[in-house]
Amino acid sequence: MNATPGLLSVQGVGYRYEASEWELAGLSFEARAGEILAIIGPNGSGKSTLLRIAAGILPPRQGKVRLEGRDMESLPRREVARTLGYLPQQVQSAFDYSVEEAVSMGRFPHLAGLGFLRPEDARIVESAMRRTETLEYRARSLSRLSGGERQRVFLASVLAQEPRVLLLDEPTSALDIHHQARFFRLLRELGGTGIAVAVVTHDLNIASLYCDRLLLLSRGGAVREGNAEEVLRQETLAEVYGESVHVDRDSRTGRPIVLPGLPGGTP
Ligand SMILES: Nc1ncnc2c1ncn2[C@@H]1O[C@H](COP(=O)(O)OP(=O)(O)OP(=O)(O)O)[C@@H](O)[C@H]1O
Ligand SMILES: [Mg+2]
């Protein structure tokens, strides 16, 4: 229950792609200091579109995005990049950089002139690699990593940016359970230092256990926003996902756990 405006405030944004019927309609959310917001919803419900708008990549057709109270559209990109870190669902890399080079790019918005790393930048890059367990590959090229290893390198890069607002689009979709849990614990630690995080995920259980608030989207609109208890309800999820689900409880925390319905024919 925090009434203060978020570090990032998305107010009534709407969007329509060219020559498309699909519409994102009047969505709002706040990314607040110290909180992790999970954005969940079926494929095509608008999560990535919403995050691109929140990151200032797509200008909304209606509504406003404010970063620390200032209108996103009036802010120079470089200034946005010093405050806000955005990790897209699919990261494209034009060149085959080494891991260390890719992570170092996170520091660019903070560098002056020709962009040489200072000793403190090198320390931050090293710490981001350590936290994502990518330090051992530092000299390897991106093309010679597994999908999950590469995803951790991109996470390291956005962490090296040291943003106050972190927008992450399915950041752990390729990660094993150890790295997934480790990353979400790291997000909680960052939350403890006053960073605001909004993370898109299909893992409803991770959202339940690690996130403070959840925003559930369906067909370009918000269905519900609240804590796990309020959002992860059997009827709501069945309606939105069109699939029977079983909501149970995590025995350690009492939080909701979501399982798919049993396969047909199982007693
Ligand atoms: N560049 C584009 N041009 C036209 N339509 C698009 C474009 N990108 C996405 N869409 C459409 O907009 C809708 C929302 O897409 P979006 O990528 O925001 O969904 P999502 O919730 O992130 O889905 P997923 O879980 O699959 O990543 C979908 O119907 C999609 O087909
Ligand atoms: Mg998406």
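Student: What makes up the shell around ligand 1, by class?

Tutor: In this predicted model, the shell has three nonpolar, eight polar and two charged residues. Altogether 13 residues surround ligand 1, and the closest are G44, K47, S48, T49 and H202.

Student: What makes the pair formed by H202 and ligand 1 a polar contact?

Tutor: A polar contact needs a pair of N or O atoms within 3.5 Å. An N or O atom in the H202 side chain is 2.9 Å from an oxygen atom of ligand 1, so the pair qualifies. The protein buries 64% of the 640 Å² that ligand 1 exposes when taken alone.

Student: How do you know that the backbone of G44 makes such a contact too?

Tutor: Use that cut-off of 3.5 Å again. A backbone N or O atom of G44 lies 2.8 Å from an oxygen atom of ligand 1, so this pair also counts.

Student: Now the helices: why are helix 4 and helix 5 called oblique to each other?

Tutor: Their axes cross at roughly 140 degrees. Roughly antiparallel requires an angle over 145, and roughly perpendicular covers 65 to 115, so helix 4 and helix 5 are oblique. Their crossing is right-handed.

How values were computed
Residues numbered from 1 in each chain as written. Chains lettered and ligands numbered in written order. Predicted model: local features only at pLDDT ≥ 70, side-chain atom pairs only at ≥ 80, totals over all residues. Heavy atoms only, no water. Near = heavy atom within 4 Å. Polar contact = N/O pair within 3.5 Å; in protein donor to acceptor, adjacent residues only side chain to side chain. Areas by Shrake-Rupley, 256 points an atom, 1.4 Å probe, with all protein chains shown as cover. Nonpolar A, V, L, I, M, F, W, Y, C, P; charged D, E, K, R; others polar. Axes fitted to C-alpha atoms, helices over the stretch in contact; angles between N-to-C directions. Helix = DSSP H or I, 4+ residues; strand = E, 2+ residues; numbered from the N terminus. Parallel < 35°, antiparallel > 145°, perpendicular 65-115°, else oblique. Left-handed = near helix turned anticlockwise from the far one by under 90°.
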